[in-house]
Amino acid sequence: PGQQRTYRQDCSFKDSMYRVGDYVYVEPAEPKLQPHIICIERLWQDDTGEQWLYGCWFYRPNETFHLATRKFLEKEVFKSDFYNKAPVNKIVGKCVVMFVKEYFKLHPEGFRAEDVYVCESRYSAKAKAFKKIKMWTTPPGAVRFVPRDVPLPVVRVASMFAPKPDEKPPAEEEAAGEEQESKVADKDAVVDKEREDVTVDIANGEPGCQYYEQLCYNNMWLKVGDCVYIGSHGLVRHCVGRVEKMWVRDGAAYFFGPIFIHPEETEHEPTKMFYKKEVPEEDVLLCESRYIETEKQMKKFKGLKRFSLSGKVVEDELIVPQKEPSPLLDKKIEELEAKFADMTDEELEDLGEDDGDLADRSLPPLQRSLASDMDIMPYTPPQ
């Protein structure tokens with residue numbers, strides 16, 4: 001607070017000049033990560049003599065949330081909605097980011113190929129969504145571009161989260177390991193229903209996109225309304241997204257929908273209580289609130305959006321768990337049976353006259369089950 005800033009168009013650091021409009025590598029906040037890529041929009045020196053830069057941060061594919069089936073251009077980065085400052089002494093080198101319409105025809109003089117990147121889309125970290133850039137607006141730099149001897153081919157590569165071609169999916173490995181056991185029919189085995197891809201017409205859909213209500217992609221069946229795990233680079237747990245719209249374009253599948261986060265990813269009072277996960281299934285999660293990031297607040301809501309799907313879509317089978325007797329009940333019965341077995345008929349008659357019904361007194365009164373009430377309650381699916 002109160003620091004004076006002297007703005008300038010360029011500055012020097014370690015015998016290199018940096019100017020507004022330059023792209024630079026900045027030392028990462030955590031070790032073992034790749035350097036950040038920043039386009040310098042402002043340079044200044046504070047009253048202590050330290051030099052600073054400010055600009056837009058560009059993200060690599062592995063720094064975004066995306067489906068594992070998404071493909072990227074080689075050397076592709078994304079113009080993010082994140083702007084921040086950094087000390088100039090954290091710069092570790094220069095690079096160049098080029099708009100997709102120029103990248104394949106031109107190249108910057110004086111830069112190695114590994115330091116030249118292509119940008120086709122914006123990435124919103126808040127919405128976790130990509131959007132094609134129509135107009136390239138970055139500060140003009142001093143880099144000179146010349147035509148390539150041979151235009152680069154347009155090559156798209158798989159996501160780092162995609163399974164490698166030589167890797168067996170976990171399901172296949174388990175199936176191979178349990179081949180002998182699978183020959184024995186299991187009476188409790190779940191038999192999946194036959195499914196088919198179900199297309200749907202979407203009003204105002206994007207050209208070249210085929211939308212689906214139900215789709216098999218990468219050997220996994222998905223339908224509108226399903227929740228999926230999303231690879232989360234750098235996070236302990238994967239994020240969860242809900243499919244509210246899905247489509248295929250150029251052989252790659254995409255979906256749109258809300259993202260769910262865990263309590264530790266929100267800002268909240270340390271005294272706030274959260275539901276403890278009571279269900280045994282690892283992939284069943286509970287949600288009752290919406291988190292508004294701008295307000296740092298949680299607000300309860302009525303439920304997830306419901307979808308009316310066509311008859312060809314296979315709905316999930318919902319299983320209502322039934323309550324079981326307490327494990328203490330069998331133990332109590334055994335104790336009473338042992339006690340009664342050692343008593344004579346006269347003692348049993350005296351017991352009934354003097355003490356009343358022993359069974360009624362020894363066993364705790366049964367509480368009325370809420371199962372009947374739950375059966376008629378409206379079902380609100382978890383978020």
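Tutor: Let's start with a term: a nonpolar core is a set of buried Ala, Val, Leu, Ile, Met, Phe, Trp, Tyr and Cys residues joined through side-chain atoms within 4.5 Å. Keep in mind that this is a predicted model.

Student: Okay, which residues of the largest nonpolar core touch the most other members?

Tutor: That core has 36 residues, and Y18, V24, L43, L53, V88, L215 and M246 touch the most other members. Looking past its neighbours within four places in sequence, V24 is in contact with residues including Y18, H36, I38, L53 and I91. Another core, of 21 residues, lies apart from the largest one, with V77, C95, Y117 and C119 among them.

Student: Is F58 buried or exposed, and how do you know that?

Tutor: Check the number against the cut-off: F58 has 2% relative accessibility, and buried means under 20%. F58 therefore counts as buried.

Student: What does W136 count as?

Tutor: W136 comes out at 22% relative accessibility. Partly exposed covers the range between 20% and 50%, so W136 counts as partly exposed.

Student: What makes F58 and W136 an aromatic pair, and of which kind?

Tutor: Their ring centres are 6.4 Å apart, and the rule asks for centres within 6.5 Å. The planes meet at 50°. Under 30 degrees would be stacked and over 60 edge-to-face, so the rest count as tilted, and that is what this pair is.

Student: Why does the pair tie together parts of the chain that are apart in sequence?

Tutor: F58 belongs to strand β6 (residues 51-59), while W136 is in the loop between β12 (129-132) and β13 (145-147), so the parts being tied together are 78 residues apart in sequence.

Student: Why is the pair of W247 and Y254 called stacked?

Tutor: The centres of W247 and Y254 are 6.0 Å apart and their planes are at 20°. Stacked needs planes under 30 degrees apart, so the label fits. W247 is buried at 15% relative accessible area, and Y254 is buried at 15% too.

Student: How do you know that the charged end of R42 sits over the ring of Y54?

Tutor: The charged end of R42 is 4.3 Å from the centre of the Y54 ring, and the distance limit is 6 Å, with an angle limit of 35 degrees from the ring normal as well. K85 does likewise over the ring of W52, at 4.7 Å from its centre.

Student: What makes β18 and β22 edge strands?

Tutor: They belong to an open antiparallel sheet ordered β18-β19-β22. β18 and β22 each have a single partner strand, so one side of each has no neighbour in the sheet.

Terms used. Residues numbered from 1 in each chain as written. Predicted model: local features only at pLDDT ≥ 70, side-chain atom pairs only at ≥ 80, totals over all residues. Heavy atoms only, no water. Pairing = 2+ DSSP bridges. Helix = DSSP H or I, 4+ residues; strand = E, 2+ residues; numbered from the N terminus. Buried < 20%, exposed > 50% of the residue type's maximum accessible area, 1.4 Å probe, protein only. Contact = heavy atoms within 4.5 Å.
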